[in-house]
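Here is a short set of exercises to work through with the model open beside you. Try each task before reading its solution.

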Amino acid sequence: MVESAMDERHSDSINEMPFNSTTAATDLSKINNISSMPSLAVRNSVSLRPLSGPRRNRVETSALTDMELRKQDALLKFITGDEQIKGWLASACVWYAGYLRRQFCSHWHLLAPTLVNIEEGSTAPASGDHVVLYEFVFAIAKLLKTRRNLALVEIVDDLENRGVLKEQGDGERAASNQIVFAAWGWLSMLYEAVTHPKPDKLEVTKTSTSTSGYRNTLVTRKYTSFKQSFEHIDIPFYSLLRHFGDLIPDPRTSWRSLGDQENDVVYAKLVCFAALQQSTGVNIEWVSSLALHLELDSGNNTLKLFRYPSFCRIMIVEGSSNISTRLFKDHAERNCEDVTVSNSSADGFFYEVLMSYRLIFGQDERSWKAFSRTMPTWEDDQSSSECTATLNDPLLQVLCGKSSTAGEGRAFYEEIDANEPSTYYNARNDFPFLGNRLVELQHFVKQHQPQSISLLPRGVRGVGTRWNRQIVLFFASLLSLLFLISISLQIWQAMLSRQQIDLTKEQLLQISGVQGRK
């Protein structure tokens, strides 16, 4: 019934959907009260229109109680800064609620033995357990947002003192450290914790997902290590993450390698997905770590993109800071006395990520149509288990598979007050966090363009499109043909000259013979 009601609602009315403390349980029941929730049910909550095609494999889930829904509602309202949750923000919250429930299930072996009021030997959440789970995540979110230079051990201590985590000795805190580290990842998306880490380690996943849905080993320059011992849990979190690699974005450090400001202009026609595919044949690798978004691997010819844009929408908070702002500030201020770094807010970073989807896909018809053709493969990658199912983000289809200037795409960008799309952008001003990666991507495309492209008439110059490549191949083939004809003519002339010489010699011999007889 809930799903059919969702199908009847039209996308034009999406901005009229209220989401407050009195209606939150009803809205979130789109995800919670569907006894057999397919990934398409979550997708419908974004597009708000029925989908064609066959049903996919379903993911079994149980309904939440009223108290669990209220706790879920309170967490989401805290994360979104008490902003009125409606429109695309409401859809993003629905997706994130499902994401958290999947994480609860897959990390249950760490949650059950560490949380108070959870049956330690249980294998899955029982009715009422989500009250404890949401309180656990809510407590961590509050500390993240308010506590300066927060360390992992401080969170564990605080949660033990407040009766959220079971009190354990220092030598028995491994599971508590690991589940707090995992929850920090759910709330920041800077990394994804391994679901079954080694007993004495903090581990992050080292896999990505190809467009065809296959899991691949992650190749990246951002991570220097995928596991750490517990020796760094008492230092600020940004310092702990530095032991894994360069995971926290910082606009000041991201531009240190670029000095020529003339190269700061990024052209949409050069970095759009269609141009990338046609000029370089680059493949997209989808990642669950925001730190890897837009990382180019020229050796393997892959570009990494963050696969959960709904999380970025949740993090754009009007009039206040989000839960990652404190972490970004602590990281930026660690070696800087000038506190103007506060201008490089976490809010701006999440906004840039969303704008990068428009730049690469939404602005170019060929690009978003190419992405749309890959989606059925993604949606087939489902499982019958809530813990192992791939929870696809339906907003990804809107931002990457549809036009940004019409319909749902335009409505989304209007909601976040995005600037009008342009044919080019100043990387430093428009993308202070991600501009360096976009410039690198553009340079990569330019390197793969034909070197003789400037010799073509102005009307047929381009950005490595299919027609330009065909023209270059035509001229190259024509030159090769003319060269072969020239060689053939030279060989033919040589043969004629040789025949002429032989004929002359024969004539001279005949003349000499006649004179001798005389």
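## Exercise 1: Where to be careful

In this predicted model, pLDDT stays under 50 over residues 451-465, a stretch for which the model has 26 contacts beyond four places in sequence. Task: find which strand has the lowest confidence and which has the highest, and decide how to read the stretch 451-465.

Solution.
- Step 1. Begin with the overall score: the protein averages a pLDDT of 79, and 75% of the residues score at least 70.
- Step 2. Look at the extremes. Confidence is lowest in strand β1 (residues 36-38), with a mean of 31, and highest in strand β3 (residues 202-203), at 97.
- Step 3. Add the other weak stretch: residues 339-343 also stay under a pLDDT of 50, and the model has six contacts for them beyond four places in sequence.
- Step 4. Apply the general rule: where pLDDT is low, predicted coordinates should not be read in detail. The 26 contacts of residues 451-465 therefore call for that caution.

## Exercise 2: The overall picture

Task: describe the protein as a whole: how many helices and strands does it have, and what share of its residues is buried?

Solution.
- Step 1. Count the elements: there are 23 helices and eleven strands.
- Step 2. Turn to burial: of the 518 residues, 53% are buried.
- Step 3. Consider the surface. The protein exposes about 23,900 Å², and carbon and sulfur atoms supply 51% of that area.
- Step 4. Check the contacts: among those with a separation of 6 or more, 72% are between residues 24 or more positions apart.

## Exercise 3: A strand and its partners

Task: work out why strand β10 (residues 302-306) is described as largely enclosed, and which way each of its two pairings runs.

Solution.
- Step 1. Check burial along the strand. Five of the five residues of β10 are buried, so the strand is largely enclosed by the rest of the structure.
- Step 2. Sort the side chains by direction: Thr302, Lys304 and Phe306 point one way, while Leu303 and Leu305 point the other way.
- Step 3. Take the parallel partner. Strand β8 (residues 283-287) is joined to β10 by five bridges, with Ile284 opposite Leu303.
- Step 4. Take the antiparallel partner. Strand β9 (residues 296-297) pairs with β10 over two bridges, and Asp297 has Thr302 as its bridge partner.
- Step 5. Look at the connection: β9 and β10 form a hairpin with four residues between them, and Asn301 in the turn has a positive phi of about 60 degrees.

## Exercise 4: A covered helix

Task: name the buried residues of helix α13 (residues 273-280), and say which residue just after α13 takes a positive phi.

Solution.
- Step 1. Six of the eight residues of α13 are buried, and the helix is mostly covered.
- Step 2. The buried ones are Phe273, Ala274, Ala275, Leu276, Ser279 and Thr280.
- Step 3. Just past the helix, Gly281 has a positive phi of about 65 degrees.

## Exercise 5: The nonpolar core

Task: which residues have the most contacts inside the largest nonpolar core, and what does Tyr96 touch?

Solution.
- Step 1. The largest nonpolar core has 129 residues.
- Step 2. Those with the most contacts inside it are Tyr96, Phe136, Val180, Phe181, Trp186, Tyr191 and Leu290.
- Step 3. Leaving out residues up to four places away in sequence, Tyr96 touches Leu76, Ile79, Trp186, Leu187, Met189, Phe311 and Ile314.
- Step 4. As background, nonpolar side chains tend to be buried together in soluble globular proteins.

## Exercise 6: Salt bridges, buried or partly exposed?

Task: the whole structure has 18 salt bridges. Place the pairs Arg173–Glu160, Glu415–Arg313 and Glu154–Arg147 by their burial.

Solution.
- Step 1. In the Arg173–Glu160 pair, the closest N and O atoms are 2.9 Å apart. Arg173 lies in the loop between α8 (152-161) and α9 (174-188) and Glu160 in helix α8, so the pair ties together parts 13 residues apart in sequence. Both residues are buried.
- Step 2. Glu415 and Arg313 meet at 3.0 Å, N to O. Their pair links helix α20 (residues 407-415) to helix α14 (residues 309-315), 102 residues apart. Glu415 is buried at a relative accessible area of 17%, and Arg313 is buried at 3%.
- Step 3. Glu154 and Arg147 meet at 3.3 Å, N to O. Glu154, at 29% relative accessibility, is partly exposed, and so is Arg147 at 30%.
- Step 4. Finally, widen the view: a network of salt bridges links Arg147, Glu154, Asp158 and Arg162.

Technical notes: Residues numbered from 1 in each chain as written. Predicted model: local features only at pLDDT ≥ 70, side-chain atom pairs only at ≥ 80, totals over all residues. Heavy atoms only, no water. Buried < 20%, exposed > 50% of the residue type's maximum accessible area, 1.4 Å probe, protein only. Pairing = 2+ DSSP bridges. Core = buried A, V, L, I, M, F, W, Y, C linked by side-chain atoms within 4.5 Å. Contact = heavy atoms within 4.5 Å. pLDDT = per-residue confidence, 0-100. Salt bridge = Lys/Arg side-chain N within 4 Å of Asp/Glu carboxyl O. Areas by Shrake-Rupley, 256 points an atom, 1.4 Å probe, with all protein chains shown as cover.
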